[in-house]
Amino acid sequence: MGLLSDPSISTQSKLVAGLARHVGKVCLLLYVAGVAWFFCLALPEFNHGTYLSENALSPGLVYPEIRVDANRLAIQLLEELHRERKDHVSTTPHAWIAAKMNEFGLETHTHNYTLKYPFGGGKEYYGKNVYGILRAPRIASTEGIVFTAPYRAASSVHTDISPSVPLLLAFADFARRKNYWAKDLIFLVTEQEQLGMQAWLEAYHDGDREYEVNKTYLWSGNLPARAGSLQAALNIEVQDLEIDYVDVRIEGLNGKLPNLDMFNLVQRIMAREGIPSGYRQGPRKKRRHSRSAYEQNLRGILSMLSSQSSGVPNGNHGLFHRYRIDALTIAAARKPTHATLKGNPASAAVPLLKAIEGIARSLNNLLERFHQSFFFYVLVNNDRYISIGDYMPALVALVACAFVKAYLHWFMLPAATDLELEPEPEADAEVEGEPEEPFDRPYGSVMIYITATLMLGFLCNVLPLQQYFLEIPMGAAPLTTSVLSFLSLLGTVLPFVVVLPPGGLELLHVAFLLIYGCALIVVGLLNFGLGFFIAVLTVPLVISLETKEENWSSSYRHSVRLVTLILNPMMIVYVIVLGMTFYQFPELPMQKILLRAATAAMDASAYGLIDSVIYGNFLYFIVSTVFLPMWIMCWTLALSKRRDYADYLGFDEAPPPPRPPPNPRLKKTN
C-alpha cells in the first residue's frame, strides 16, 4: 500500500499536480459530456430497432380461433355485470364472478386478505379476490400464466373499467374448450386495485410464512389452491368493448420493466389484429404535429424516465416484477362516439379477444422464463429502444466528477504525503530541539460523524412507525412530515454542534465524494431515471464544494450554502410538487397554489412511507436513508466549521511557531 499511496513517484506526482491545476475544467468537461451523451440518445445512431430474441414465442404463427360467439358472450356478461353493480355500489360482486367461473368449468377459489393500516389507530380493511384455474391438460401443473383484471366499484372516482371482467371471463370460456395448453392458466379478478394484487402475490409465494403481529400490515393469508411456477402475466384494463387504441404499460415497482421480448410480442400481435397500440399510446389525431422526430424521441425518453423515477407501478402488472415474473398491462381506451359513425357492437371486441388469444398462445410456447432480451432499457418509441450499455455512460460520466475530486483530495490531505523538503541549514539551527507536534488523521471522529448522519436517516424510516407515534391523534401526512422535518432540522443543526478536529473536514470530503458516487451508480443501475435526474441536479453543487477557506470568495461561499439549503430532500419534494401544482392549476392564485402544494407534499411523504412498508417501494428508503445523510455531509462541507488545533490538543498555549519557508527543491525518498 505504500507504493500505491506514495506521491513521491514522479508519474503520480505529475498526475496529481496537473489534476490540481485543471480539476475544475476536467469536472466541467465530464459533466457536459454526460449531459450531451444523454441528449444524443434520441438520435437514431445511438439507439436500436426492436426485435424478438426468443424464437419460441413465434408470434402470429397460428391462426386465431376466437369467433363472434365470444364477443356475444362478453356483451351478455357485461349486461349482467351492470345489473349486479346496481346492487353492489361500493363493493365487488364476488358471488356473481365466482358463479360464472364455476359455470365455465374453472377451478374457482376466493382469497381473503386484511390490511392493518399503520396510521389512524390501526384501522383494519378487508378485501377478497376471486380466481379460477384452468389446469393444463397436456402436462403436470409445473408452470402457469396469469390473466388478471382489476374490478372498480361503481362508487370509484377512477375511470370505469368494468368491461375488463366480462372480457376476461369470455376468454376463459374460450380457453377451456382447447386442449393445447401446456401451462396452467389463472384468471384473477382483484379487489382494491394494487392492494388486492399484492396480497394475492404474497399469498401465492409466501402464504405459509408466519407473520409478526407488530411489523406486518398486510395479512395476505394463504391460497386454497395454486398452479405452477408463474412464467408471465397479462393485466387487462378495458373501458369499453368498442376500443379506440391500446396503451401498453410496462413500468413496474421501483422502475423495473418486463423483458423487452414481451413488449415486442404484444406490439406484433396487436399490429396483426389492426389495433393501434404502443407505449403511452394516445388517440389518433387527424392533423399532423409539427414536432421533429428528434423532439418526439427525446420527449418519449424523458417521459419514461420520469415515470420510472417515482418507483410507483402504473398498473397491477408492476407488482409481478418483484417476483421475477414478466408482466405488462394492456389498457384499452373507449372509442369516441359520433352520430354519423357507428361501429358494429356484435363484433367490436373480437380483435382484442384475438390479440389476447395470440399473446396467450405465444406465452404457452415458452420453454423457459424470458431471459434472452433486455430487462434494462429505455423505449425511444414503439420500434426503437436504448439498452443499458448505451445509456449508462451518461450517468458514469456525471458520477466520474465525484471520483476525480475524491482522488485529488485524498492526495492533498495534510498528512497524505511523505514529501520531504530539504531545509536550509539556518532553519534547522533555529528549530532544532523543537520537534513539531505529530499530526494524525482523525479517522475515528469522521467515522462517528458519518455514523451519526446515517443514524438520522435510519430514524426517518423507524420513528414514524413506532407505536408511540402511531398512537398520536394525527393523520398520516402531518405525522410523517413532522418527524421528517424534525430530523432534517437536526441534520441542519448538527454541523454547528459537532465540529470536526483538524483534518476532519478533508477526510469527510473524501468520504462524502466516494459515498455519493457509489450511491448514484447503484441507484442508477436499479432505476436509471432516478439516478440520472439526481446526478444532473446535484453534481454541480458537489464539484463546487471546497473545505479550504482560501479557495472560496465570500459571495461564492454564501451562494454554495444557499444552494445546499435549497437542495434539502424535503425542499426538493416540495419544489417538484409545487411545479406540478402550478402546471395543473394555473388559474389559482399563488397563495392557494403554495398552500395546495404544501398539502400535496405532506401527502406524498406519507404515501411514500406507506408504499415502502406495504409494497416494498424503495423511493422513501433511498431519500431518507441515503440522500438525507449525504445532504447533511454536504451541508457540513459547505459550512466548513473547523476546530482550532490548540482546542483539539487540549491546551491553552499558542501553537508552535511556523516552520521557515522551505526550499522549493524536493528531495526524493526511497
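Me: How many bridges join strand β7 to strand β10?
Reply: In this predicted model, local features need pLDDT of at least 70, side-chain atom pairs count only at pLDDT 80 or more, and totals for chains, interfaces and linings use all residues. Residues are numbered from 1 along each chain as its sequence is written, and side-chain values use heavy atoms, without hydrogens and water. Strands are DSSP runs (E, at least two residues; helices are H or I, at least four), numbered from the N terminus, and two strands pair if DSSP finds at least two bridges between them. Strands β7 (residues 229-238) and β10 (residues 326-334) run parallel, and the number of bridges joining them is 7.

Me: Which residue in β10 stands opposite leucine 234?
Reply: The sheet of 9 strands is open, in the order β6-β2-β3-β5-β4-β7-β10-β8-β9, with mixed pairing. Opposite leucine 234, in β10, stands leucine 328.

Me: Why is one side of β6 and of β9 left without a neighbour in the sheet?
Reply: Strands of a sheet pair through backbone hydrogen bonds, either parallel or antiparallel. β6 (218-219) and β9 (277-279) stand at the edges, so one side of each has no neighbour in the sheet, and each has a single partner strand.

Me: Which residue in β12 is the bridge partner of glycine 49?
Reply: An open antiparallel sheet of 3 strands has the order β1-β12-β11. Its edge strands, β1 (48-49) and β11 (377-381), each pair on one side only. β1 and β12 (residues 384-387) pair over 2 bridges, and the partner of glycine 49 in β12 is arginine 384.
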